[in-house]
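Biologist: I've got the sequence and the coordinates open, and I'd like to go through them with you piece by piece. Where shall we start?

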Amino acid sequence: IPETFFDLHKQFGEDLINLSNKIHNFPSTTLRLTNVYGFGSTYSSKRGIIYRIIKDSYKKKIINIFGDGKFVRDFVYIDDVTNAIMLACKYRKKLNNKFYYICSGKGYSFNRFSKMLKNILKNKYNINLTIKYTKWPIRTPRIDKRSFVGNPEEFKKITGFNLKVNLESGINKILKNISEN
């Protein structure tokens with residue numbers, strides 16, 4: 001059940017695609033992307049949160065984790081997303097499901113993510129990162145507090161999709177870009 005306007009718009013989009021498929025026999029599918037991260041420009045200050053967390057950790061030497069940090073997410077690097085889109089185009093005639101998850105299929109808690117970031121900053125940049133836990137803001141939507149790990153197996157089976165960038169190497173790529181600019 002959609003919990004935010006953003007979720008509702010995504011649901012409407014998928015419903016419209018499915019309706020076009022039924023009414024007009026328009027072959028289509030949806031790619032559901034999980035927690036895409038990487039570096040580059042964005043048009044919304046609410047997008048690119050993982051990049052901002054990493055950048056702030058590098059510059060301010062502190063990371064703020066909401067709640068207990070046990071909520072889990074499935075991260076996928078932007079380069080892997082573009083590869084998945086290219087594969088979806090190439091194998092479009094074989095993609096018969098309504099949707100496929102583009103994700104790693106692995107969950108990382110924000111505790112684990114922050115410890116990984118802390119280790120990389122210490123070992124490669126000699127930065128001592130402080131991990132600070134703070135209460136969730138009062139009006140935080142439930143969707144922000146949830147855990148989610150996708151299952152990319154069907155998409156992999158059809159297209160041969162495999163991640164080229166795991167979370168640790170993605171963090172390293174971002175930090176390299178930040179440190180050089």
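**Helices, cores and a loop**

Biologist: How far apart are the end C-alpha atoms of helix H7 (residues 167-180)?

Modeller: H7 has 14 residues, and at 1.5 Å a residue these should span 20 Å. The expected span is 1.5 Å times one less than the number of residues, and helices here are DSSP runs of H or I with at least four residues, strands runs of E with at least two, numbered from the N terminus. The model agrees with the expectation, as the ends of H7 are apart by 20 Å.

Biologist: Before we go on, what kind of model is this?

Modeller: Residues are numbered from 1 along each chain as its sequence is written, and side-chain values use heavy atoms, with hydrogens and water left out. Local features need pLDDT of at least 70, side-chain atom pairs count only at pLDDT 80 or more, and totals for chains, interfaces and linings use all residues: this is a predicted model.

Biologist: And which residue caps the N-terminal end of H7?

Modeller: Look for a side-chain oxygen 3.2 Å from the backbone nitrogen of Glu168. The residue that supplies this oxygen is Asn166.

Biologist: What covers the buried residues of H7?

Modeller: Buried means under 20% relative accessible area, exposed over 50% and partly exposed in between (1.4 Å probe, protein chains only). In H7 the buried set is Leu167, Gly170, Ile171, Asn172, Ile174, Leu175, Asn177 and Ile178. Their cover includes strand E2 (36-37), helix H2 (49-60), strand E5 (76-77), strand E7 (108-109) and H4.

Biologist: H4 keeps coming up, then. How far does H4 reach from its first C-alpha to its last?

Modeller: H4 has 16 residues, for which 22 Å is expected at 1.5 Å a residue. Just after H4, Asn126 takes a positive phi of about 50 degrees. The reach of H4 itself is close to the expected value, at 21 Å.

Biologist: Is Ser114 buried or exposed?

Modeller: Ser114 is found in H4 (residues 110-125). Leaving aside neighbours within four places in sequence, Ser114 is in contact (heavy atoms within 4.5 Å) with Ile63, Ile65, Leu129 and Ile131. The relative accessibility of Ser114 is 0%, so Ser114 counts as buried.

Biologist: Which element supplies the largest share of the largest nonpolar core?

Modeller: A nonpolar core is a set of buried Ala, Val, Leu, Ile, Met, Phe, Trp, Tyr and Cys residues joined through side-chain atoms within 4.5 Å. The largest one here has 26 residues, and Ile54, Phe113, Leu117 and Ile171 have the most contacts inside it. H2, strand E3 (62-66), H4 and H7 each supply at least two residues of this core. The largest share, six residues, comes from H4.

Biologist: Which residues does Leu117 touch, and how many residues are in the other core?

Modeller: Not counting residues up to four places away in sequence, Leu117 touches Ile54, Ser57, Ile63, Leu129, Ile171 and Leu175. Apart from this core lies another, with Leu87, Tyr100, Ile102 and Phe161 among its members, and its residue count is eight.

Biologist: Now the loop after H4. Which residue has a side chain joined to that of Asn128 by a polar contact?

Modeller: Asn128 lies in the loop between H4 and strand E8 (130-134), and is exposed, with a relative accessible area of 53%. Asn128 and Lys61 are 67 residues apart in sequence but 6.5 Å apart in space, C-alpha to C-alpha. A polar contact is a pair of N or O atoms within 3.5 Å; within protein, one must be able to donate a hydrogen and the other to accept it, and residues adjacent in sequence count only if both atoms are side-chain atoms. The side-chain contact of Asn128 is 3.2 Å long, and the partner is Lys122.

Biologist: Last helix: what arc do the buried residues of H1 fall within?

Modeller: The buried residues of H1 (residues 5-24) are Asp7, Glu14 and Asn18. Seen down the axis, with directions taken from the helix axis to the C-beta atoms, they line one face of the helix because they fall within an arc of 35 degrees.

Biologist: What do those residues pack against?

Modeller: The face of H1 turned away from its buried side carries the exposed Phe5, His9, Leu16, Ile23 and His24. On the buried side, the packing partners are strand E1 (30-33) and helix H5 (142-145).

Biologist: And overall, what percentage of the protein chain is buried?

Modeller: The chain comes to seven helices and eight strands, and its C-alpha atoms fill a box of roughly 55 × 35 × 30 Å along the principal axes. Of its 181 residues, the buried share is 34%.
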